[in-house]
Amino acid sequence: MITTQEELKLKRVAGGSITEHRPLFSSDSLYIYIIWDDGVRQYSIKTGKFVQKLETPNEVVELLSDPEDKNLLHGFTSAGELLTWKQDTGFFENKKTLALKLSSEKKIVGLHLSSNKNAVVVVEDTEKQIHKFIKYNLNTNEKENLPVIGQVGKFSSSVGSSDKDEYLATIHVYNLRVVNLNSSEKFKHTVNPEWGSFSCVRSHPKQNLIATCDQSGRILIWRDVMSFQAIKTLHHWHKLPVNDVVFTGQASSFYSGGSETVIVKWWLDGSQSRDFITNTGASIKNMAISPDNKYVAVGMADNAIHVVNSQMDIEQTIQHVSTHFEERPGVKPIVSRMSFDPRTKALVVNGRSGHVQFYSVENQSYMFLVDVVGQNYLNQQRGLDMVNTEVVLTAMSSDGNWFATVEERDDGLSHLECRLKFWSWDWQHKFKLKTSIENPHQGRVNDIAFQPVLGDGVNRLISTGMNAKFITWCKSEDSLWTLEFVGKLDNLVPRPVEFSNDTSLYAVGFEGTLSVWETSAMEMKSCLTRPDASERINFVKFGNNASSRYLVAASSSKIVIWDLILLQVVKIIGLKVAWLAANPMNDHMAAFTEGGELVVFLPSEKAPIYRKSILGGKKVSSALYWPHDEVQSNAVGWQRLAQLYFMTDNQEIFTFVSKNEENRDFFNPVEFPNNEGKTATPLAAFVAKQTLSQVKKVEPLPMWKQQVNSYQGSYLKMMCETPSHMLPPMQMLVGELINEYLTAQSSTIEKPQEFFKAPEPMEVIEGSSTDSESEEEGSKVRQKRRKAKTKKLRPVEESTLQSVAKLQFDWVEMLFDAVEITSDEE
């Protein structure tokens, strides 16, 4: 048993925002740096792939380029440390700790770096909810409090410069304040309060030019801001608040973005002309421009960074776990439970509005999105509450061939929209919609669960709903899903549903009552309840392996374990369960409590295997076990067969690691940073050709071997793999062999790619002690086959059969010549 004192570390393997802070381009515009998790990550603009990770001792709050040395990259941490790396190598250069000595109610949230080694530190006063600014000289360590305050928000300040002076621009409600950093002279500019308060401010790094945006969507371009008679130019296209703007190097144009999911490029030639990129899929949070003005990095609310070129085309997208964003006031984002796809080895969870995403944790790569609802995203409008259709439930079959989703739209005014959809994995390697069922429960759907795949494939799914019924859906021969059975228990509302691992039983929780049903007969076998059971059952899990006789039910205050043979309670664990997960590889179960505690237990054991509060108060919204390809000997005992992952409300995905696997990195670099974007020399090209010429060429297989390999699970493959002394007489196989060949040929004509059904198993003749008995048994089998009804060929098969005489069957002769014949004497 693992003691409660065993050290485990919480490790984030996916999720978390990569757009919370502005990205930064490298000085050669070939790479982009982003702040994520515990470090700075470098990505390639050309490929969008991860390059390397720059380690940081503390949380980085700002990325900056050195104004004098283009090869230096700076990161400013929340502890007041200025870190420096070399851009060409990624090597750490040095660290400088600023002597700020802040009180406990103040924290560092940003830094602006000017050209003459002066920095402006942004400090947030958590008590007064305002920003204060400190001028800091990086050479002499002298500091000075600037006489301005800023509104608490992401875009509250910006530093720019003109030919002679540097300045700090801040916004506060309707006021723009500008401070000359050289002379400390202050200027204040006010706008019409009817436009709404300021939403962001951005200064040009080399010119006396400032852009301010407000809640009404207006953009003001200010010139000569270090005077009391500043010149303003109005640009207005946005209808919603603008979140960020960025100027080009020569100030000939600028970019803007907000909640309309549209990127706008403005020209500052007085023509008011604009270019657009529409339907970006999410609202825009921040922007950054490359030093050569060729690219703009746009941070999106769905946790993606689009790299846009100067022709207004999205050239590259850097995507982490796509987060569901919802900008409706007072409405929390919808986070559906996680599923595991065994086919793509990906975690499945809802992404941006109306989509489901597949994300590989092992490779730290975003794989693809499935557009479930098939509707355009509705942007929020001023004075209107726009409601989008959202994915609320997902379920994946255990073989990965079928995927089920539940989508809802409820605006509180019209009828609730609800659809249950079934998606199949097709030969084009994508999920295709097969069946859509409108309003299956005349209301909300509470839970869905696939029957585990045993044998031919999945053929059943159960859904529970608010209409006090659960429905069994069955897959027909044409892969369409139809209603099979409707069950109920008085007028109780069913919520959780779960199949046993052998599929013989399934359990449905009706409020405080647990019902167990037989799958084949669709009959209720037992109704489990306790006299003091007044709480609603939220989770139901069947035991596995040694605990297969147990059924575990969890409510908001306790876990109750039932013995299905004795039909009585064997154990009660007092826990406020937020989520319950079962390990498919053994009989371990993991319960997450609302207080941030993890409890790992066996239904058959009295004491838990592991129990400790290590979640740090994180709210768990989903959890699952991910099966390992092989046993992990260095992992903690209850994670050696499958890794436990859990997701929080903000779609951050974590796991638990021990000291032995603490240094195992889930994120592997895919390319070396110094080889890209550089022209190959003639010598390099020569070396590359020489290396290629030394690669051993693989000769193609003969045609007959390719045909053998193509018929997986066929009679031909069976004949090649079965020892000769185990094969039935050849005359019993020829008919099936020719028939299978004709069927394969005709199926190829009808469909480009298709999986062939495995043939029916042959009759096996038990061995006998005498040859006469064997001949007698063989005679009976032959007589039985003669009496069998002759199969009628389809027209396409008849047409193919007519051409058989014209075909050459040399490959058959080659096949039998290649089969090694063995005998008992050898």
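## A buried salt bridge to start with

A salt bridge here is a side-chain nitrogen of Lys or Arg within 4 Å of a carboxyl oxygen of Asp or Glu. Arg202 and Asp244 make one, with their closest N and O atoms 3.3 Å apart. Arg202 sits in strand S18 (residues 198-203) and Asp244 in strand S22 (residues 242-247), so this pair ties together parts that are 42 residues apart in sequence. Both Arg202 and Asp244 are buried. Keep in mind throughout that this is a predicted model.

## The chain as a whole

Strands make up much of the list of elements in this one: the chain has 56 strands, alongside seven helices. There are 826 residues, and 49% of them count as buried. The accessible surface comes to about 40,800 Å², with 49% of that area belonging to carbon and sulfur atoms.

What about contacts along the chain? Taking those between residues at least 6 apart in sequence, 46% join residues at least 24 apart.

## Two nonpolar cores

In soluble globular proteins, nonpolar side chains tend to be buried together. In this model, the largest nonpolar core has 36 residues, and the members touching the most others are Ile559, Phe592, Leu598, Phe601, Trp638, Leu644 and Phe656. Several strands feed this core with at least two residues each, among them S47 (550-554), S48 (559-563), S50 (577-582) and S51 (589-593). Further along the chain, S52 (598-601), S54 (620-627), S55 (642-648) and S56 (653-657) do so too.

There is also a second, separate core of 19 residues. Leu393, Ile471, Trp473 and Trp481 are included in that second core.

## Strand S16 and its two partners

Strand S16 (residues 175-180) has five of its six residues buried, so it is largely enclosed by the rest of the structure. On one side, S16 runs antiparallel to strand S15 (residues 166-172), with six bridges joining the two. Within that pairing, Val178 of S16 stands opposite Ala169. The two strands form a hairpin with two residues between them, and Val173 in the turn has a positive phi of about 60°.

S16 also pairs with strand S17 (residues 186-190), again in the antiparallel sense, over five bridges. Here Asn175 has Thr190 in S17 as its bridge partner. This hairpin has five residues between the strands, and Ser184 takes a positive phi near 60°.

## More salt bridges

The structure holds 23 salt bridges. Glu484 and Arg460 form one of them, with the closest N and O atoms 3.0 Å apart. Glu484 belongs to strand S41 (residues 481-487) and Arg460 to strand S39 (residues 460-465), so the pair ties together parts that are 24 residues apart in sequence. The two ends of this bridge fall into separate burial classes: Glu484 is partly exposed at 33% relative accessible area, while Arg460, at 11% relative accessibility, counts as buried.

Then there's Arg611, whose side chain meets that of Glu597 in a salt bridge (2.9 Å, N to O). Arg611 lies in strand S53 (residues 610-612) and Glu597 in the loop between S51 and S52, 14 residues away, so to speak linking distant parts of the chain. Arg611 is partly exposed, with a relative accessible area of 33%. Elsewhere, salt bridges that share partners join Glu407, Glu417, Arg419, Lys421 and Glu438 into one network.

## A nonpolar patch on the surface

Met585, Val631 and Leu641 make a nonpolar surface patch of about 240 Å². Met585 comes from the loop between S50 and S51. With a relative accessible area of 38%, Met585 is partly exposed.

## An open sheet of four strands

Back towards the start of the numbering, four strands form an open sheet in the order S2-S3-S4-S5, with antiparallel pairing. Strands S2 (24-25) and S5 (50-55) stand at the edges with a single partner strand each, so one side of each is left without a neighbour in the sheet. S2 runs antiparallel to strand S3 (residues 31-36) and is joined to S3 by two bridges. In that pairing, Leu24 has Tyr33 in S3 as its bridge partner.

Note on methods. Residues numbered from 1 in each chain as written. Predicted model: local features only at pLDDT ≥ 70, side-chain atom pairs only at ≥ 80, totals over all residues. Heavy atoms only, no water. Core = buried A, V, L, I, M, F, W, Y, C linked by side-chain atoms within 4.5 Å. Buried < 20%, exposed > 50% of the residue type's maximum accessible area, 1.4 Å probe, protein only. Pairing = 2+ DSSP bridges. Patch = residues over 30% accessible without salt bridge, like charges linked within 9 Å, V, L, I, M, F, W, Y side chains within 5 Å. Areas by Shrake-Rupley, 256 points an atom, 1.4 Å probe, with all protein chains shown as cover. Contact = heavy atoms within 4.5 Å.
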